[in-house]
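Colleague: Got a minute to go through this model with me? I'd like to start with the metal site.

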Amino acid sequence: MCPEVEGALWRIYRDFFDAAERKRRWRIREDIPWNQCNPNLDPAIADVVETFCCVELYLPDYVSKILPLVRHSMGRVWFYANWGYEESKHSLALNDWLLRSGHRSEEYMHDLQRKVFEREWNLPMGNSLGMLVYAMVQEHATFVNYRNLRHRVQARGGDPALEKLLSFISIDEAAHFGLFRSFVELFMQVDRDLVIAALRPVLNQFQMPAIHDLLDESKKRIAAICGLEIFNEEIFMRDIYNHFLNILGVTKADMRGPRVKKSLVTS
Ligand SMILES: [Fe+2]
Ligand SMILES: [Fe+2]
């Protein structure tokens, strides 16, 4: 990667980090009204919180498998280190809510964590550009999932603690998406066709990580998410697929045909 692009990546990261330190840091113990958990909240909501907590628990694989691909790039390595810290808070906060609300026991959560760590998540794309594009789409999809879950909590009896933590998590996910989008747009300026080629399999085969292939009872979990209209095919097409075509200035035809040429963007 040329020094100009690396320099631009670093500046994007520094702006992201400085803004996060200034405006976005939150504390699990102090900033969530834990005494306002609702033990009578619809159990279907708690089931989805458990699923999202499991997805966040694959953090060891998310962090350890991407770092070797980007080790040469300071902007990307420093970002992924900061990102890992923020993602680690998400599983902690969701786990704490499941316990404090009384929807799950300590024993149950230990068992769940053990089962998660028995299976390993692998990178869905084989190079750093593919993973960058995947991460951009996945972070936005994750934002949509948490935002919609918070709306369902509000509609089904409310839970101030869960709503607050889902709001913190959604804001983090939106910020992660924003950073990845800035990186992707920078790479599009270098080689638009190559980025489009990387986007094509991601958008055409997108799945949320872990839910479909690693978690026990995945069909039941997906049905619960669809049942509450948190995420489904229609939401994917409207809020993810079409959203990315719009914001990146990409056409449906771009997503159909192969159009790859030799490029500078190889890592
Ligand atoms: Fe997260
Ligand atoms: Fe995230």
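Colleague: Which residues coordinate the iron ion (ligand 2)?

Modeller: Keep in mind that this is a predicted model. In it, the iron ion (ligand 2) is coordinated by Glu87, Glu139, Glu173 and His176. Glu139 is listed twice, each time through OE, while His176 uses ND1. The distances run from 1.9 to 2.7 Å.

Colleague: And what spacing do those donors follow along the chain?

Modeller: The pattern is E-x51-E-x33-E-x2-H. Glutamate 139 sits in helix H7 (residues 128-155) and histidine 176 in helix H8 (residues 160-190), so that pair ties together parts 37 residues apart in sequence.

Colleague: Are those two buried or exposed?

Modeller: Glutamate 139 is buried, at 1% relative accessible area. Histidine 176 is buried too, with 0% relative accessibility.

Colleague: How far apart are the iron ion (ligand 2) and the iron ion (ligand 1), and which residue coordinates both?

Modeller: They're 3.8 Å apart, and glutamate 87 coordinates both.

Colleague: OK, changing topic. Where is alanine 93?

Modeller: Alanine 93 is in helix H5, which covers residues 74-100. Its relative accessibility is 0%, under the 20% cut-off, so alanine 93 counts as buried.

Colleague: What is alanine 93 in contact with, leaving aside its neighbours within four places in sequence?

Modeller: Trp26, Ile28, Trp34 and Leu165.

Colleague: And what separates the C-alpha atoms of alanine 93 and valine 77?

Modeller: 25 Å, with the two residues 16 apart along the chain.

Definitions and conventions: Residues numbered from 1 in each chain as written. Chains lettered and ligands numbered in written order. Predicted model: local features only at pLDDT ≥ 70, side-chain atom pairs only at ≥ 80, totals over all residues. Heavy atoms only, no water. Donors = N, O, S within 2.8 Å, 3.2 Å for Na, K, Ca; no water. Helix = DSSP H or I, 4+ residues; strand = E, 2+ residues; numbered from the N terminus. Buried < 20%, exposed > 50% of the residue type's maximum accessible area, 1.4 Å probe, protein only. Contact = heavy atoms within 4.5 Å.
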